[in-house]
Amino acid sequence: MSFGRLDRSLGAQPMSDINMTPLIDVMLVLVVIFIITAPLLASSIKLDLPTTEAAKAGDAPQSVTVIVDASGQAFWQDQAVAMDVLVRQLQQSAQANPQTEVLLRADKTVPYGRIVEVMGAAQSAGLNRIGFVADAPAAAAKP
């Protein structure tokens with residue numbers, strides 16, 4: 001006869017269920033990382049790829065120059081023009097090639113409103129590519 005306990009406990013049984021809490025935590029962290037980094041990846045590389053094989057590889061982008069001097073007078077390709085003539089010239093350029101770039105050269109003393117008028121005329125004509133031309137600073141004189 002043995003002296004012992006009659007009921008025996010088998011101890012801790014192995015768990016057969018998967019603990020989902022750590023898995024869900026990891027997945028939520030990954031989702032947050034992808035939400036934060038996806039817009040950065042999409043906007044960091046901008047490609048303007050051709051859509052047809054008929055495009056010529058040697059074509060350089062066309063551009064027109066609009067100059068606004070210190071008095072606010074607009075010039076189209078180095079010729080003084082009134083605002084309505086400038087609008088017509090911009091519309092003709094847009095009809096000829098909608099991808100024409102407008103190179104805007106403006107004196108630094110020109111009021112901001114005048115520059116906005118010229119930009120608005122270009123955009124209303126259908127030319128959305130506008131580049132501002134500036135001079136490089138003078139190099140320091142070497143002794």
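A residue counts as buried when its relative accessible area is under 20%. Keep that cut-off in mind on this tour of a predicted model.

**Stop 1: Val81**

Select Val81, which lies in strand E3, residues 79–81. Its relative accessibility is 15%, so Val81 counts as buried. Now show what surrounds Val81: apart from neighbours within four places in sequence, its contacts are Gln73, Ala74, Phe75, Trp76 and Leu86. Keep Trp76 and Leu86 on screen, since both will come back.

**Stop 2: the whole chain**

Zoom out and colour by secondary structure. You should find three helices and five strands, in the order α-β-β-β-α-β-α-β along the sequence. Of the 143 residues, 17% count as buried. The accessible surface comes to about 12,000 Å², and 60% of that belongs to carbon and sulfur atoms. If you look at contacts between residues at least 6 apart in sequence, 66% of them join residues at least 24 apart.

**Stop 3: the strands**

Select strand E1, residues 63–68, together with strand E4, residues 101–106; the two run parallel and are joined by six bridges. To see how they line up, label two pairs: Val64 has Val102 as its bridge partner in E4, and Ile67 has Arg105.

Next, add strand E2, residues 74–76. E2 runs antiparallel to E1, with three bridges between them. Ile67 is worth a second look here, as its bridge partner in E2 is Phe75. Follow the backbone from E1 to E2 and you trace a hairpin with five residues between the strands. In that turn, stop at Gly72, where phi is positive at about 95°.

Now go to the other neighbour of E4. Strand E5 runs parallel to E4, and four bridges join the two. One pair to label is Glu101 with its bridge partner in E5, Arg129.

**Stop 4: helix H2**

Select residues 83–96, which make up helix H2. The end C-alpha atoms of H2 are 20 Å apart, which agrees with the 20 Å that 14 residues should span at 1.5 Å a residue. Show the side chains of Leu86, Leu90, Ser93 and Ala94, the buried residues here. Looking down the axis of H2, you will see them fall within an arc of 100°, so they line one face of the helix. A bit of helix geometry helps here: an α-helix has 3.6 residues a turn, so residues three or four places apart point the same way.

Turn to the other side of H2 and you meet Gln95 and Ala96, which are exposed. What lies over the buried residues of H2? The cover includes E1, E2, E3, E4 and H3.

Before moving on, pick out Ser93 in H2. Ser93 is buried, with a relative accessible area of 13%. Not counting residues up to four places away in sequence, Ser93 touches Val64, Trp76, Thr100 and Leu127.

**Stop 5: helix H3**

Select residues 112–125 for helix H3. H3 has 14 residues and reaches 20 Å from its first C-alpha to its last, close to the 20 Å expected. Buried or exposed: which are Arg114, Ile115, Val118, Ala121, Ala122 and Ala125? These residues of H3 are buried. They cover an arc of only 120° around the axis, which puts them on the same side of H3.

Rotate to the face turned away from that buried side, and you find the exposed residues Tyr112 and Ser124. Back on the buried side, the cover includes E1, E2, H2, E4 and E5, the last at residues 129–132. Just after H3, check Gly126, whose phi is positive at about 105°.

**Stop 6: the nonpolar core**

For the last selection, bring the pieces together. The largest nonpolar core holds 18 residues, and those touching the most other members are Val66, Trp76, Leu86, Leu90, Val102, Leu104 and Val118. E1, E2, H2, E4 and H3 each give two or more residues to this core, and H3 gives the most, with five.

Finish on Val102. Which residues is Val102 in contact with, leaving aside its neighbours within four places in sequence? Show Val64, Val66, Leu90, Ala122, Leu127, Arg129, Ile130 and Gly131 around Val102 to see that set of contacts.

Methods:
Residues are numbered from 1 along each chain as its sequence is written. This is a predicted model: local features need pLDDT of at least 70, side-chain atom pairs count only at pLDDT 80 or more; totals for chains, interfaces and linings use all residues. Side-chain values use heavy atoms; hydrogens and water are left out. Buried means under 20% relative accessible area, exposed over 50%, partly exposed in between (1.4 Å probe, protein chains only). Contact means heavy atoms within 4.5 Å. Accessible areas come from the Shrake-Rupley method with a 1.4 Å probe; for residues, only the protein chains shown count as cover. Two strands pair if DSSP finds at least two bridges between them. A nonpolar core is a set of buried Ala, Val, Leu, Ile, Met, Phe, Trp, Tyr and Cys residues joined through side-chain atoms within 4.5 Å. The expected span of a helix is 1.5 Å times one less than its number of residues. The arc is that of the directions from the helix axis to the C-beta atoms.
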